[in-house]
Amino acid sequence: MTNETFFRFQQGDETAFKTLFYEYSPSLLAFARRFVQEEEVEDVVQDIFMQIWNHRQEFKNPEAIRTYLFTSVKHRCLNILRSEDTHHTYLESLSEEDFYDQMLDVEVYTLLYRAISELPDNYKKVINYSLDGYHIDEIAEQMHTTVDAVKAYKKRAKEQLRKKMGTLYGSSFTAMLLLDVFLEKL
């Protein structure tokens, strides 16, 4: 979130709020899915966004919103698990370091999917088919092209994703490790 968007958000600009929502909701949904059942995930995230809208003037900077969002989702998930009288040792023992590592994982995957959406069409199609479990020959058939063309698209797509993610994260070991693990699955 830019400082300008943050300022507009604090002033009650609904467009800035939508920008905030679209920027963070995919990460928050993925984060919540790690802890609570699917039918509760959207409610958790929507409730947290309503809270920040109602208290928007209390935030000092964009980073405070980001931290609040993830921390609130974590606590809301804990409360759901407690209210259901479910013992979830993993979540209850989640240390601050683990919490921030999980936030990073979710953010890396969110940025990666955003980067995939920005690839040229043929590259994007190959990556998406691969993620859906299609084999190279099936992808070639779906795209009405050759297996060699699919291999070339996939190779170039991976190179572009590495470059884009490298620009975003520099030499962050964790981010680049997650990216390598993700790309190996393709």
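**Exercise 1. Against which helices do the buried residues of H1 pack?**

Work out how helix H1 sits in this predicted model.

*Solution.*
- Start with the residues of H1 that are buried: Thr5, Phe6, Phe9 and Gln10.
- Next, look down the axis. These residues span an arc of only 135 degrees, so they sit on the same side of H1.
- Now turn to the face pointing away from that buried side. Here you'll find the exposed residues Glu4 and Phe7.
- Then see what the buried residues touch: they pack against H2, H3 and H4.
- Finally, step past the end of the helix. Glycine 12 follows H1, and its phi is positive, near 95 degrees.

**Exercise 2. Take stock of the whole chain.**

Which kinds of secondary structure does the protein chain contain, and how many of each?

*Solution.*
- Count the elements: the protein chain has 10 helices and zero strands.
- Read them in sequence order and you get α-α-α-α-α-α-α-α-α-α.
- Check burial next: of the 186 residues in the protein chain, 40% are buried.
- Look at the outside too. The chain exposes about 10800 Å², with carbon and sulfur atoms supplying 49% of that area.
- Last, ask how far apart in sequence the contacting residues are. Among contacts with a separation of 6 or more, 63% join residues 24 or more positions apart.

**Exercise 3. Explore the nonpolar cores.**

Which residues have the most contacts inside the largest nonpolar core?

*Solution.*
- Here's a handy background idea: in soluble globular proteins, nonpolar side chains tend to be buried together.
- In this model, the largest nonpolar core has 27 residues, and Phe49 and Ile52 have the most contacts inside it.
- Trace where its members come from: helix H1 (3–10), H2, H3 and helix H4 (62–83) each supply at least two residues.
- H2 gives the most, with eight residues.
- Zoom in on isoleucine 52. Leaving aside residues up to four places away in sequence, it touches Phe9, Phe17, Leu20, Phe59, Ile65, Tyr68 and Leu69.
- Don't stop there: a second, separate core has 16 residues, including Leu112, Val126, Ile139 and Leu161.

**Exercise 4. Follow the aromatic rings.**

How are the rings of phenylalanine 21 and phenylalanine 49 arranged?

*Solution.*
- Searching the whole structure turns up 10 aromatic pairs.
- For the pair of phenylalanine 21 and phenylalanine 49, the centres are 4.8 Å apart and the planes make an angle of 65 degrees.
- Since planes over 60 degrees apart count as edge-to-face, this pair is edge-to-face.
- Phenylalanine 21 belongs to helix H2 (residues 14–33) and phenylalanine 49 to helix H3 (residues 38–54), so the pair ties together parts 28 residues apart in sequence.
- Compare the burial of the two: phenylalanine 21 is partly exposed, with a relative accessible area of 26%, whereas phenylalanine 49 is buried, at 1%.
- Widen the view: ring pairs link Phe9, Phe17, Phe21, Tyr22, Phe49 and Trp53 into a cluster.
- Tryptophan 53 has a charged neighbour as well. The charged end of arginine 56 sits over the tryptophan 53 ring, 4.0 Å from its centre.

**Exercise 5. Place one histidine.**

Is histidine 135 buried or exposed?

*Solution.*
- Locate histidine 135 first: it's in the loop between helix H7 (121–131) and helix H8 (136–143).
- Its relative accessible area is 53%. Values over 50% count as exposed, so histidine 135 is exposed.
- To get your bearings, find valine 147, 12 residues away along the chain; the two C-alpha atoms are separated by 9.9 Å.

How values were computed: Residues are numbered from 1 along each chain as its sequence is written. This is a predicted model: local features need pLDDT of at least 70, side-chain atom pairs count only at pLDDT 80 or more; totals for chains, interfaces and linings use all residues. Side-chain values use heavy atoms; hydrogens and water are left out. Rings of Phe, Tyr and Trp (its six-membered ring) pair if their centres lie within 6.5 Å; planes under 30 degrees apart count as stacked, over 60 as edge-to-face and the rest as tilted. Helices (H or I, at least four residues) and strands (E, at least two) are DSSP runs, numbered from the N terminus. Buried means under 20% relative accessible area, exposed over 50%, partly exposed in between (1.4 Å probe, protein chains only). A charge sits over a ring if NZ of Lys or CZ of Arg is within 6 Å of the ring centre and within 35 degrees of the ring normal. A nonpolar core is a set of buried Ala, Val, Leu, Ile, Met, Phe, Trp, Tyr and Cys residues joined through side-chain atoms within 4.5 Å. Contact means heavy atoms within 4.5 Å. The arc is that of the directions from the helix axis to the C-beta atoms. Accessible areas come from the Shrake-Rupley method with a 1.4 Å probe; for residues, only the protein chains shown count as cover.
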